[in-house]
Amino acid sequence: MNTIPAYEIVPDSPEHSDAVEALYDDVFGPGRFAKTAERLREGNSPIADASLVAIDSEGLTGVVRVWPVKVGEGGRAAFLGPIAVAERRRGNGVAFKLMERAIGVCREQGYAAVILVGDHEYYERFGFHPAGDGRFLLPGPVDQKRVLIRDLADRAAKLKGELSVPR
Ligand SMILES: CC(C)(COP(=O)(O)OP(=O)(O)OC[C@H]1O[C@@H](n2cnc3c(N)ncnc32)[C@H](O)[C@@H]1OP(=O)(O)O)[C@@H](O)C(=O)NCCC(=O)NCCS
């Protein structure tokens with residue numbers, strides 16, 4: 001018997017752009033562009049396949065984007081965010097699936113670590129821990145306790161320094 005999945009997760013692509021922007025606006029409001037993390041997204045392009053959308057019968061219901069960042073002089077890492085799930089779908093594990101898959105793709109693509117700015121209480125379930133005061137410098141003010149890292153390879157321990165958009 002064929003069962004229709006309640007939602008599916010597929011790679012983000014330009015056809016979803018309008019719906020993604022509408023969801024981000026709904027969830028974060030216009031102030032989202034003022035966030036320091038946004039400075040690492042401007043002029044950057046999301047990592048293909050690690051950036052994902054969730055779609056159900058009503059349309060786009062969740063999104064996570066992941067970006068390449070330079071770390072210090074020679075390092076590189078994946079920078080995750082924002083993640084958002086439509087209110088009508090929250091508490092159904094959509095974000096969990098998006099996070100697990102995005103992290104898995106980053107690992108497959110050879111990233112040593114995923115870095116994000118967010119609540120440790122939420123992200124620790126995915127193996128994130130505080131990076132440590134001053135280990136990563138962002139292009140603007142940030143609460144260092146919210147700078148989290150999920151190591152994907154031993155060499156992640158060497159990552160340190162300023163996060164910037166790869167040129
Ligand atoms: C955070 C968010 C993406 C989670 O989406 P979701 O699909 O409902 O998540 P899941 O179903 O996988 O997990 C839900 C669980 O996460 C918990 N949770 C959500 N936000 C949390 C937070 N900031 N801190 C701690 N726990 C949190 C919920 O209480 C719930 O807990 P439970 O499983 O014990 O009931 C969604 O609530 C959202 O879009 N929030 C607004 C945007 C946001 O805060 N994004 C993250 C910052 S970039």
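**Exercise 1. State what percentage of the residues in the protein is buried.**

Solution. Start with the term: a residue is buried if 20 or more other C-beta atoms lie within 10 Å of its own, exposed if 12 or fewer, and partly exposed in between, with C-beta atoms placed from the backbone. Apply it to the 167 residues: buried ones make up 32%. The model is predicted: local features need pLDDT of at least 70, side-chain atom pairs count only at pLDDT 80 or more, and totals for chains, interfaces and linings use all residues. Numbering runs from 1 along each chain as its sequence is written.

**Exercise 2. Check the radius of gyration of the protein against that of a compact globule.**

Solution. Take the radius over C-alpha atoms; the globule rule is 2.2 Å times the number of residues to the power 0.38. For 167 residues the rule gives a value near 15 Å; the protein has 16 Å, which agrees. Next, the extents: the C-alpha trace spans about 50 × 35 × 30 Å along its principal axes. Last, the contacts, meaning pairs whose C-beta atoms, placed from the backbone, lie within 7 Å. Of the contacts with a separation of 6 or more, 69% come from residues 24 or more positions apart.

**Exercise 3. Give the order of the elements from the N terminus on.**

Solution. Elements are DSSP runs, numbered from the N terminus: helices are H or I with at least four residues, strands are E with at least two. The protein has three helices and nine strands. Their order is β-α-β-β-β-α-β-α-β-β-β-β.

**Exercise 4. Test the length of H2, then find which residues of H2 are buried and what they pack against.**

Solution. First, the length. The expected span of a helix is 1.5 Å times one less than its number of residues. The 15 residues of H2 should span 21 Å, and its end C-alpha atoms are 21 Å apart, so the two agree. Second, the buried set: Val-94, Ala-95, Leu-98, Met-99, Ala-102, Ile-103 and Cys-106. These cover an arc of only 150 degrees around the axis (from the directions of the C-beta atoms as seen from the helix axis), which puts them on the same side of H2. Third, the face turned away: it carries the exposed residues Phe-96, Gly-104 and Glu-108. Fourth, the partners: the buried residues pack against strands S1, S2, S3, S4, S5 and S8. Just after H2, Gly-110 takes a positive phi of about 90 degrees.

**Exercise 5. Describe the shell around the ligand.**

Solution. Count residues as near if the C-beta atom, placed from the backbone, lies within 6 Å. There are 17, the closest being Val-85, Arg-90, Ala-95, Phe-96 and Tyr-122. Strand S4 (75–85), helix H2 (94–108) and helix H3 (120–123) each supply at least two. S4 gives the most, five residues. Now sort by type. Ala, Val, Leu, Ile, Met, Phe, Trp, Tyr, Cys and Pro count as nonpolar, Asp, Glu, Lys and Arg as charged, and the others, Gly among them, as polar. The shell has nine nonpolar, five polar and three charged residues.

**Exercise 6. Locate the cis peptide bond and the non-glycine residue with a positive phi, Asp-49.**

Solution. The cis bond joins Gly-81 and Pro-82, with omega about -5 degrees. Pro-82 lies in strand S4. Asp-49 has a phi of about 75 degrees. Asp-49 sits in the loop between H1 and S2. With 15 other C-beta atoms within 10 Å, Asp-49 is partly exposed.

Terms used
Contact = placed C-beta atoms within 7 Å.
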